[in-house]
Amino acid sequence: MVASAFTSSAVTGVAKVARVASSCATCVLPVVVAVEAVPMVLSAMGFTATGITSSSIAAKMMSAAATANGGGVAPGSLVATLQSLGATGLSGLTKFILGSTGSAIAAGIARFY
């Protein structure tokens with residue numbers, strides 16, 4: 001019962017966000033572009049599917065994290081999370097959530113202008 005109530009509530013919430021986002025078509029495009037650009041930005045930083053690229057921003061971040069953590073990169077740290085995203089990309093659900101939330105925020109801000 002709790003799971004179905006949560007699912008119904010989540011679906012209703014997503015529907016509201018989608019309705020707000022659709023009211024501002026010019027707000028949605030930049031958010032979609034930003035969400036789709038995540039893999040390219042991570043790759044440019046050096047977080048790739050084959051690992052961290054040497055002499056990149058990612059390598060410098062990993063070095064700093066390892067030095068601060070006594071020689072290893074902690075699981076769940078920013079560097080570990082970015083490398084995971086660089087290796088696997090964003091899931092469809094994550095893209096949907098980020099896009100919907102970002103669009104709703106952009107639509108809300110656009111109402112003031």
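Helices are DSSP runs of H or I with at least four residues, numbered from the N terminus; their axes are lines fitted to C-alpha atoms over the stretch in contact, and angles run from 0 to 180 degrees between N-to-C directions. The model is predicted, so local features need pLDDT of at least 70 and side-chain atom pairs count only at pLDDT 80 or more, whereas totals for chains, interfaces and linings use all residues. Residues are numbered from 1 along each chain as its sequence is written, and side-chain values use heavy atoms, with hydrogens and water left out.

Helix α3 (residues 57-68) packs against helix α4 (residues 78-88) at an angle of about 145°, and the axes are 9 Å apart. Contact (heavy atoms within 4.5 Å) joins M61, M62 and A65 of α3 to L78, V79 and L82 of α4. By class, six nonpolar residues, no polar and no charged residues make up this contact; Ala, Val, Leu, Ile, Met, Phe, Trp, Tyr, Cys and Pro count as nonpolar, Asp, Glu, Lys and Arg as charged, and the others, Gly among them, as polar.

Q83 is also located in α4. Its relative accessible area is 17% and Q83 is therefore classed as buried (under 20%; exposed is over 50%, partly exposed in between; 1.4 Å probe, protein chains only). Beyond residues up to four places away in sequence, Q83 touches F47, T48, G51 and I52. A74, in the loop between α3 and α4, is partly exposed at 27%. With the same sequence neighbours excluded, up to four places away, A74 touches N69 and A80.

L93, in helix α5 (residues 92-110), is exposed, with a relative accessible area of 59%.

Notes
Helix = DSSP H or I, 4+ residues; strand = E, 2+ residues; numbered from the N terminus.
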